[in-house]
Amino acid sequence: MGRHTWMDVRTEAREGARRVGRRVGRRAAALGLGLTALAGIGGVGAVAMAVPVAAMPCEDNVKACARLSTNEAWLSDGKGTILRGPVRMNHGAPGSETPVGMFAVQRKEEVHLSKEYNNARMPWSVFFDNNGRAFHGGDPARQSAGCVRMADPDAQAFFNGLNVYDRVQIVP
């Protein structure tokens, strides 16, 4: 789950920690902070920590947002609630820049092999423009040929959270 949601704690032994976590969460929300919950290991209770969260710099009605200047991306519900993010990502290298603007998801491919780049693997691809650019998995430390590349777990969350026609915004 994203860092902004309460992780489901499934045992009765953790119920007290959940009540404390909800109180902390309400106080954190009142202060404009996000809530990160860390599940305990080996039966240890959950710990809730309030942490500052970077606001999504895109319009509230978009489902995916990427800010090129900070290499961050967000997945939202399209109504202003962040579901995941900010997550680390990278964008197009000089000469292959990722375009800035408003787009719509055109298609999705769980495992795409790029014909242009020697069958380069692009897992969890969510294509958003007419030139083959997509949100997809890979090494977020490397720049791309114009795509928004993120770690595979983040790309999978974007793949699962986005549908054809959903709005995508890329900002500088």
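What follows is a walk through the fold, the main pocket and a few unusual backbone spots of this protein.

The model is a predicted one, and its secondary structure comes to two helices and eleven strands. Reading from the N terminus, the order is α-β-β-β-β-β-β-β-β-β-β-α-β. So much for the parts list; the packing comes next. The chain has 172 residues, and 42% of them count as buried. If one takes the contacts between residues at least 6 apart in sequence, 50% turn out to join residues at least 24 apart. On the outside, the protein exposes about 9300 Å², with carbon and sulfur atoms supplying 52% of that area.

Now for the empty space. Rolling a probe the size of a water molecule over the atoms shows where such space is left. The largest pocket holds about 460 Å³. Its lining is made up of 24 residues, and the ones nearest the centre are Ser114, Tyr117, Met122, Ala145 and Cys147. Three elements each give two or more residues to that lining, namely strand E7 (107-114), strand E8 (120-127) and strand E9 (134-137). Of the contributors, E8 gives the most, with five residues. Sorted by class, the lining is a mix: eight residues are nonpolar, nine are polar and seven are charged.

The backbone has a few spots worth a look. One is the peptide bond from Gly85 to Pro86, which is cis, with omega near 5 degrees. Pro86 belongs to strand E5, which covers residues 82-90.

Two other spots concern phi. Asn71 is not a glycine, yet its phi is positive, at about 55 degrees. This residue sits in the loop between strand E3 (64-67) and strand E4 (72-76). With a relative accessible area of 24%, Asn71 is partly exposed, since that value falls between the 20% and 50% cut-offs.

Trp124 also has a positive phi, near 60 degrees, and is likewise a residue other than glycine. Its setting is a strand, E8, the element that gives the most residues to the lining of the largest pocket. How buried or exposed is Trp124? The relative accessible area of Trp124 is 17%, so the residue counts as buried, the limit being under 20%. Put side by side, the positive phi of Asn71 occurs in a loop, while that of Trp124 occurs within a strand.

Conventions. Residues are numbered from 1 along each chain as its sequence is written. This is a predicted model: local features need pLDDT of at least 70, side-chain atom pairs count only at pLDDT 80 or more; totals for chains, interfaces and linings use all residues. Side-chain values use heavy atoms; hydrogens and water are left out. Helices (H or I, at least four residues) and strands (E, at least two) are DSSP runs, numbered from the N terminus. Buried means under 20% relative accessible area, exposed over 50%, partly exposed in between (1.4 Å probe, protein chains only). Contact means heavy atoms within 4.5 Å. Accessible areas come from the Shrake-Rupley method with a 1.4 Å probe; for residues, only the protein chains shown count as cover. On a 1 Å grid over the protein atoms alone, a cavity is a set of points where a 1.4 Å probe fits but cannot get out, and a pocket is an open set with protein on both sides within 12 Å along at least five of seven lines; lining residues have an atom within 4 Å of a point. Grid points are joined across faces, edges and corners, and a volume is the space filled by probe spheres set on the points. Ala, Val, Leu, Ile, Met, Phe, Trp, Tyr, Cys and Pro count as nonpolar, Asp, Glu, Lys and Arg as charged, and the others, Gly among them, as polar.
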